[in-house]
Amino acid sequence: LMSGDRDKHDAMIIEQAKDLAEKVDLIVLAQASMSRLAPVLQERTNLTVLSSPRIGVDYLARRVAELPA
């Protein structure tokens, strides 16, 4: 991805996810650069795909919203 070849990056992630899907019950993406691929990976692997950066940001947003004004 850092080399600018987004298509190659995505293809590599998808291929690895498909291989991994044969051995696991769900996939958790820990890198923000991968989180946009969660829907694609879920479709291609038929597994639940979570994105920890997205989960973390959602949690933080809820906590900030709870702070007194």
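This dialogue goes through the features of a predicted model, one at a time.

Student: Where should a reading of this predicted model begin, and which secondary structure elements does the chain hold?

Tutor: One may begin with the elements and their order. The chain has four helices and two strands, and from the N terminus they follow the order α-β-α-α-β-α.

Student: How does the radius of gyration of the chain stand against the globule rule?

Tutor: The rule supplies a reference value for a given chain length. For 69 residues it gives 11 Å, whereas the radius of gyration of this chain is 15 Å, well over that value, so the chain is more spread out than a compact globule. Along the principal axes, the C-alpha atoms fill a box of roughly 45 × 30 × 15 Å.

Student: What share of the residues is buried, and how much surface does the chain expose?

Tutor: Of the 69 residues, 25% are buried. The exposed area of the chain is about 5300 Å², and 56% of it is supplied by carbon and sulfur atoms.

Student: Which residues make up the largest nonpolar core?

Tutor: The general idea comes before the case. In soluble globular proteins, nonpolar side chains tend to be buried together. Here the largest nonpolar core has twelve residues: Ile13, Ile14, Ala17, Ala21, Ile27, Leu29, Met34, Leu37, Ala38, Leu41, Leu47 and Val49. Helix H1 (6–20), strand S1 and helix H3 (38–45) are the elements that give two or more residues to this core. The largest share, three residues, comes from H1.

Student: Taking Leu47 as one member of that core, which residues does it touch?

Tutor: Such a list leaves out residues up to four places away in sequence. With that exclusion, Leu47 touches Ala21, Val24, Asp25, Leu26, Ile27 and Gln42. For the chain overall, one may look at contacts between residues at least 6 apart in sequence; 41% of these join residues at least 24 apart.

Student: Which residues make the nonpolar surface patch?

Tutor: A patch is read from side chains that remain accessible. In this structure, Leu26, Val28, Leu50 and Ile55 make a nonpolar surface patch of about 320 Å². Val28 belongs to strand S1, residues 26–29, and is partly exposed at a relative accessible area of 48%.

Student: In the other strand, is Ser51 buried or exposed?

Tutor: Relative accessible area decides the class, and buried means under 20%. Ser51, which lies in strand S2 (residues 48–51), has a relative accessible area of 5% and is therefore buried. Beyond residues up to four places away in sequence, Ser51 touches Leu29 and Ser35.

Student: How many salt bridges does the structure hold, and what does the pair Asp10 and Arg36 tie together?

Tutor: A salt bridge can be read by its distance, by the places of its two partners and by their accessibility. The search of the whole structure finds three salt bridges. In one of them, the side chains of Asp10 and Arg36 meet at 2.6 Å, N to O. Because Asp10 lies in helix H1 and Arg36 in the loop between helix H2 (32–35) and H3, this pair ties together parts that are 26 residues apart in sequence. Asp10 is buried, with a relative accessible area of 13%, whereas Arg36 is partly exposed at 32%.

Student: Where do the pairs Glu15 with Lys18 and Glu66 with Arg63 lie?

Tutor: Each pair lies within a single helix. Glu15 and Lys18 are three residues apart in helix H1, so about one helical turn separates them; their side chains meet at 3.9 Å, N to O. Glu15 is partly exposed at 38% relative accessible area, and Lys18 is partly exposed at 35%. Glu66 and Arg63 are likewise three residues apart, in helix H4 (residues 52–66), and are separated by about one helical turn. Their salt bridge has an N to O distance of 3.7 Å. Glu66 is exposed at 59%, while Arg63 counts as partly exposed at 44%.

Student: Finally, which residues is Pro53 in contact with?

Tutor: Contacts remote in sequence show which segments meet. Pro53 lies in helix H4 and counts as partly exposed at 23% relative accessibility. Leaving aside neighbours within four places in sequence, Pro53 is in contact with Leu29, Ala30, Gln31 and Ala32. Pro53 and Ser33, 20 residues apart in sequence, are 9.3 Å apart in space, C-alpha to C-alpha.

Notes: Residues are numbered from 1 along each chain as its sequence is written. This is a predicted model: local features need pLDDT of at least 70, side-chain atom pairs count only at pLDDT 80 or more; totals for chains, interfaces and linings use all residues. Side-chain values use heavy atoms; hydrogens and water are left out. Patches are made of residues with over 30% relative accessible area and no salt bridge: like charges are joined within 9 Å, nonpolar side chains (Val, Leu, Ile, Met, Phe, Trp, Tyr) within 5 Å. Accessible areas come from the Shrake-Rupley method with a 1.4 Å probe; for residues, only the protein chains shown count as cover. A salt bridge is a side-chain nitrogen of Lys or Arg within 4 Å of a carboxyl oxygen of Asp or Glu. Buried means under 20% relative accessible area, exposed over 50%, partly exposed in between (1.4 Å probe, protein chains only). The radius of gyration is taken over C-alpha atoms; the globule rule is 2.2 Å times the number of residues to the power 0.38. Contact means heavy atoms within 4.5 Å. A nonpolar core is a set of buried Ala, Val, Leu, Ile, Met, Phe, Trp, Tyr and Cys residues joined through side-chain atoms within 4.5 Å.
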